[in-house]
Amino acid sequence: MIAIGEAARLTGLSVETIRYYEREGIVEKAGRTASGRRAYTEREISELRFIKRCRDLGFTIQDACALRELSKAPEQACRDAEDVATKHLDKVRSKIAALQRLEQALVELVQTCTEGAACPLLTALLNEPVVKDVISGH
């Protein structure tokens, strides 16, 4: 049996995150020792690692849980897992595009900087909703 501190080290999660996942029902609560301390099995460590890998890739908790369930029935899971991953990939690509628009707006603002009494960058920020329009694509 593995104590929570060691489970945290083995999974790369914090102790508080593991407790949160248990409290919210994301993972099953660990068994307890006679003294009431959490004791994790290799299966539970594996499950925590799976959730961590999903989160590292930016999947939501709900998607990570769905993928975990799909992993329990691999004979029919590939297509469904691909659908979850494809939807997530589309969101990531959309965020990348928004960040590229934001980058371009910031480049243009920085390029307006010159030494003088009035700063064009600050004037633009005070008077124009540049960043909001760029991020929303308008």
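**Exercise 1. A salt bridge in helix H5**

Which residue's side chain meets that of Glu82 in a salt bridge, and at what N to O distance? Work from the predicted model, and describe the exposure of each partner.

*Solution.*
Step 1. The partner of Glu82 is Arg79, and the N to O distance of this salt bridge is 2.9 Å.
Step 2. Glu82 and Arg79 are three residues apart in helix H5, so about one helical turn separates them.
Step 3. Glu82 has a relative accessibility of 40% and is therefore classed as partly exposed. Arg79, at 52% relative accessible area, is exposed, because the exposed class begins over 50%.
Step 4. Elsewhere, salt bridges with shared partners link Arg43, Glu47, Arg68, Glu69 and Lys72 into one network. The count for the model comes to 10 salt bridges.

**Exercise 2. The salt bridges of Glu16**

Identify the arginine residues that form salt bridges with Glu16, and state how exposed these residues are.

*Solution.*
Step 1. Arg19 forms a salt bridge with Glu16, with the closest N and O atoms 3.7 Å apart. Both residues belong to helix H2, which spans residues 15-23, and they lie three residues apart, about one turn of the helix.
Step 2. Arg23 also forms a salt bridge with Glu16; here the closest N and O atoms are 3.8 Å apart.
Step 3. Glu16 is partly exposed at 44% relative accessibility, and Arg19 is partly exposed at 32%. Arg23, with a relative accessible area of 51%, is exposed.

**Exercise 3. The surroundings of Thr11**

Determine whether Thr11 is buried or exposed, and describe its polar contacts and its contacts with residues farther along the chain.

*Solution.*
Step 1. Thr11 lies in helix H1, which covers residues 4-11.
Step 2. The relative accessible area of Thr11 is 6%, so this residue is buried; the cut-off for that class is under 20%.
Step 3. The side chain of Thr11 reaches the backbone oxygen of Ala7 at 2.8 Å. A polar atom of the Thr11 side chain also lies 3.2 Å from the backbone nitrogen of Leu13.
Step 4. When neighbours within four places in sequence are set aside, the contacts of Thr11 are Ile18, Ile45, Leu48, Arg49 and Lys52.
Step 5. Another residue of helix H1 is Glu6, which is partly exposed at 34% relative accessibility. The C-alpha atoms of Glu6 and Ile45 are 9.8 Å apart, although 39 residues separate the two along the chain.

**Exercise 4. The largest nonpolar core**

Which residues of the largest nonpolar core touch the most other members, and which helix supplies the largest share?

*Solution.*
Step 1. The core has 23 residues, and those touching the most other members are Ile18, Tyr21, Ile26, Tyr40 and Leu48.
Step 2. At least two core residues come from each of H1, H2, helix H3 (42-56), helix H4 (61-71) and H5.
Step 3. H4 provides the largest share, five residues.
Step 4. Leu48 illustrates the packing: excluding residues up to four places away in sequence, Leu48 touches Thr11, Leu13, Ile18, Tyr21, Val27 and Tyr40. Its contact with Thr11 is the one already listed from the side of Thr11 in Exercise 3.

**Exercise 5. A nonpolar surface patch**

Name the residues of the nonpolar surface patch that includes Ile96, and describe the position and exposure of Ile96.

*Solution.*
Step 1. The patch consists of Leu89, Val92 and Ile96, which together have about 210 Å² of accessible area.
Step 2. Ile96 is located in helix H5, residues 74-111.
Step 3. With a relative accessible area of 42%, Ile96 is partly exposed, because the value falls between the buried limit of 20% and the exposed limit of 50%.

**Exercise 6. The chain as a whole**

How many helices and strands does the chain contain, and in what pattern do they follow one another? Add the overall figures for burial, contacts and surface.

*Solution.*
Step 1. The chain has seven helices and two strands.
Step 2. Along the sequence, the pattern reads α-α-β-β-α-α-α-α-α.
Step 3. Of the 138 residues in the chain, 29% are buried.
Step 4. Among contacts between residues at least 6 apart in sequence, 43% join residues at least 24 apart.
Step 5. The accessible surface is about 9,500 Å², and carbon and sulfur atoms account for 56% of that surface.

Technical notes
Residues numbered from 1 in each chain as written. Predicted model: local features only at pLDDT ≥ 70, side-chain atom pairs only at ≥ 80, totals over all residues. Heavy atoms only, no water. Helix = DSSP H or I, 4+ residues; strand = E, 2+ residues; numbered from the N terminus. Buried < 20%, exposed > 50% of the residue type's maximum accessible area, 1.4 Å probe, protein only. Polar contact = N/O pair within 3.5 Å; in protein donor to acceptor, adjacent residues only side chain to side chain. Contact = heavy atoms within 4.5 Å. Patch = residues over 30% accessible without salt bridge, like charges linked within 9 Å, V, L, I, M, F, W, Y side chains within 5 Å. Areas by Shrake-Rupley, 256 points an atom, 1.4 Å probe, with all protein chains shown as cover. Salt bridge = Lys/Arg side-chain N within 4 Å of Asp/Glu carboxyl O. Core = buried A, V, L, I, M, F, W, Y, C linked by side-chain atoms within 4.5 Å.
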